[in-house]
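Biologist: Please walk me through this structure. I will ask, and you reason from the coordinates.

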Amino acid sequence: MAAQRIAARAAACAAVVVLAVTSGTAVRADDDIESLPAEQIADRSRDALLDVRSLHLRAQGDLGENRSAMTVDLTLDRNGNCAGDVDLGRDQGKVEIIKRGDGVWLKPDADFWKNQVPVGGSAFDAVLAGRYMKGDASDSRLRPVVEACDLDTFRELVSDNAATGGTFTKGEVTTVDGVRAVPVTRTLHDRRLTAYVDTGGEHLPVRITVAGDGADAAVDFSGFDKPVPTATPPADETVDVSALLGRAPSQS
């Protein structure tokens with residue numbers, strides 16, 4: 001279904017922004033992080049990100065395949081729980097996403113059905129009537145959402161695809177959302193990728209941006225190791241995915 005593909009693509013796009021700024025060689029040092037070379041700061045930040053148990057990410061900018069102004073806002077953990085939404089921007093639609101244990105809930109809005117499912121989308125919207133689609137995590141149709149909601153999937157992407165090359169530079173210490181951070185910029189293939197690394201604590205990235213060569217996007221990180229919200233929609237606000245597809249088979 002379109003909602004699954006959008007969710008998976010959005011999470012992958014957020015990961016791509018992170019991958020682009022990480023270095024490929026882990027280096028540890030006991031020096032104050034502000035005194036370290038830029039590449040070592042990037043290494044330390046990447047390693048810290050890989051260690052977290054849960055986080056909140058908000059990615060926004062030209063993230064989609066068609067350069068859409070997409071926003072991804074998700075809290076996710078390594079147990080596969082997540083909550084948040086994906087907004088395709090420019091009135092193209094929005095999808096609320098909740099995964100808790102073995103349950104998955106999706107709630108596309110009217111703009112999503114109209115623009116992403118032009119043939120039959122209005123029928124699905126009418127059947128749902130503002131309710132969530134609900135399915136089981138084992139349902140193959142929901143696999144893209146299940147994978148996108150798992151922080152371990154995100155960690156594997158970061159760990160397995162850390163890029164090498166490019167030129168690293170370190171900027172002046174600044175403040176990002178009240179956090180003292182040192183910016184590290186990596187220039188590669190006409191793109192500037194900047195990680196704003198917290199100078200305290202575990203030196204986690206609080207923001208990563210990408211600019212140039214047609215790209216303009218940012219991912220903000222917060223809520224490290226804080227639990228994913230546990231609230232799930234009540235039964236009277238849900239429609240089973242299989243029942244929904246069965247009620248409008250010709251409209252899918």
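Biologist: Is Asp43 buried or exposed?

Modeller: This is a predicted model, and the areas are computed from it. The cut-off for buried is under 20% relative accessible area. Asp43 has a relative accessible area of 1%, so this residue is buried.

Biologist: Which residue forms a salt bridge with Asp43?

Modeller: Side chains of opposite charge can pair when their charged atoms come close. For Asp43, the closest N and O atoms of the pair are 3.3 Å apart. The two residues sit three residues apart in helix 2 (residues 38–51), so about one helical turn separates them. The partner has a relative accessible area of 7% and is buried. The residue is Arg46.

Biologist: Which residue is linked in a network of salt bridges with Asp43 and Arg46?

Modeller: Asp43 and Arg46 form a salt bridge. The network of salt bridges holds one further name besides this pair. That residue is Asp47.

Biologist: How many salt bridges does the structure hold?

Modeller: The Asp43 and Arg46 pair is one salt bridge. Arg141 with Asp139 is another. The structure holds nine.

Biologist: How far apart are the closest N and O atoms of Arg141 and Asp139?

Modeller: Arg141 is partly exposed, with a relative accessible area of 28%. Asp139 is buried, at 17%. A salt bridge needs the nitrogen and oxygen within 4 Å. This pair forms one, with its closest N and O atoms apart by 2.8 Å.

Biologist: Arg207 forms a salt bridge with Asp177. How many residues apart are the two?

Modeller: The closest N and O atoms of Arg207 and Asp177 are 3.7 Å apart. Arg207 lies in strand 11 (residues 205–212), and Asp177 in the loop between strand 8 (174–176) and strand 9 (179–188). The pair thus links distant parts of the chain, and the separation in residues is 30.

Biologist: What is the relative accessibility of Asp177?

Modeller: Arg207 is partly exposed, with a relative accessible area of 24%. The cut-off for exposed is over 50%. Asp177 counts as exposed, at 65%.

Biologist: Which cysteine does the disulfide join to Cys82?

Modeller: A disulfide is a covalent bond between the sulfur atoms of two cysteines. A search of the whole structure finds one disulfide. Its S to S distance is 1.9 Å, and the partner of Cys82 is Cys149.

Biologist: How many residues apart in sequence are the parts that Cys82 and Cys149 tie together?

Modeller: Cys82 lies in strand 3 (residues 82–87). Cys149 lies in the loop between helix 5 (143–148) and helix 6 (151–160). Both cysteines are buried. The parts tied together are apart in sequence by 67 residues.

Biologist: What separates the C-alpha atoms of Thr230 and Arg100?

Modeller: Thr230 is found in the loop between strand 12 (215–222) and strand 13 (238–240). Thr230 is exposed, with a relative accessible area of 56%. Thr230 and Arg100 are 130 residues apart along the chain, yet their C-alpha atoms are separated by 7.1 Å.

Biologist: Now the whole chain. What percentage of its residues count as buried?

Modeller: The secondary structure comes to seven helices and 13 strands. The accessible surface is about 11,700 Å², with 45% of that belonging to carbon and sulfur atoms. The chain has 252 residues, and the buried percentage is 48%.

Definitions and conventions: Residues are numbered from 1 along each chain as its sequence is written. This is a predicted model: local features need pLDDT of at least 70, side-chain atom pairs count only at pLDDT 80 or more; totals for chains, interfaces and linings use all residues. Side-chain values use heavy atoms; hydrogens and water are left out. A salt bridge is a side-chain nitrogen of Lys or Arg within 4 Å of a carboxyl oxygen of Asp or Glu. Helices (H or I, at least four residues) and strands (E, at least two) are DSSP runs, numbered from the N terminus. Buried means under 20% relative accessible area, exposed over 50%, partly exposed in between (1.4 Å probe, protein chains only). A disulfide is a pair of cysteine sulfur atoms within 2.5 Å. Accessible areas come from the Shrake-Rupley method with a 1.4 Å probe; for residues, only the protein chains shown count as cover.
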